[in-house]
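Reader: I'd like a close look at the nonpolar core of this one, please, and at what goes on around it. Keep it informal, and spell out your cut-offs as you go.

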Amino acid sequence: MVLVRVQCPYDGCEGMGEFETDPESEVVARERGHVELTKFQKVGKQLLSGAIVKEEHLRCPADDHHRFTVLVEL
């Protein structure tokens, strides 16, 4: 497992959310708020290709009200 840092998607925010994942994985999308896998706007291509994906729900350390979700392709 490796620690991955992802920039908060809120405009003007410099906070970086962190989560652990497999070293071979890749962040393919990020959205504001708590987003379920089926609601992601940029997922179509990954889901149609049969890629294995998971969602990570993060909280920005710079602003506690900034919660976001990243989609990770394994």
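Author: Let's start with the word we'll need most: a residue is buried if its relative accessible area is under 20%, exposed if over 50%, and partly exposed in between, using a 1.4 Å probe and protein chains only. Bear in mind that this is a predicted model, where local features need pLDDT of at least 70 and side-chain atom pairs count only at pLDDT 80 or more, while totals for chains, interfaces and linings use all residues. Residues are numbered from 1 along each chain as its sequence is written, and side-chain values use heavy atoms, with hydrogens and water left out.

First, the setting. The protein chain has 74 residues, and 36% of them count as buried. One helix and five strands make up its secondary structure, in the order β-β-β-α-β-β from the N terminus. These are DSSP runs numbered from the N terminus: H or I over at least four residues for helices, E over at least two for strands.

Now the core itself. The largest one has nine residues, namely Val6, Cys8, Cys13, Phe19, Leu58, Cys60, Phe68, Val70 and Val72. Strand E5 gives the most to this core, with three residues. A second core lies apart from it, with five residues, among them Ala29, Val35, Phe40 and Leu71. By "nonpolar core" I mean a set of buried Ala, Val, Leu, Ile, Met, Phe, Trp, Tyr and Cys residues joined through side-chain atoms within 4.5 Å. As background, nonpolar side chains in soluble globular proteins tend to be buried together.

You'll have spotted the cysteines. Cysteine 60 is buried at a relative accessible area of 2%, and cysteine 8 is buried too, at 3%. The closest cysteine sulfur to cysteine 60 belongs to cysteine 13, but at 3.6 Å it is too far for a bond. For cysteine 8, the closest cysteine sulfur is also in cysteine 13, at 3.8 Å, so again too far. The disulfide count is therefore zero, since the rule asks for a pair of cysteine sulfur atoms within 2.5 Å.

Right after cysteine 60 in the numbering comes proline 61, in the loop between E4 and E5. With 61% relative accessibility, proline 61 is exposed. Its C-alpha atom is 9.1 Å from that of cysteine 8, although 53 residues separate the two along the chain.

Phenylalanine 19 is worth a stop. Leaving out residues up to four places away in sequence, its contacts (heavy atoms within 4.5 Å) are Val2, Leu3, Val4, Val6, Val27, Glu56, Leu58, Val70 and Val72. Glutamate 56 sits in strand E4, residues 53–59, and counts as buried at 17% relative accessibility. With the same sequence neighbours left out, glutamate 56 touches Phe19, Glu20, Phe68, Thr69, Val70 and Val72. Its side chain also makes a 3.1 Å polar contact with the side chain of lysine 54; that term covers N or O atoms within 3.5 Å, where within protein one must be able to donate a hydrogen and the other to accept it, and residues adjacent in sequence count only if both atoms are side-chain atoms.

Finally, the sheet. Three strands form an open, antiparallel sheet in the order E3-E5-E4, with E3 (26–32) and E4 at the edges, each pairing on one side only. Strands pair if DSSP finds at least two bridges between them; E3 and E5 (residues 67–73) have six. In one of these, arginine 32 partners phenylalanine 68 of E5, which is also in the nine-residue core.
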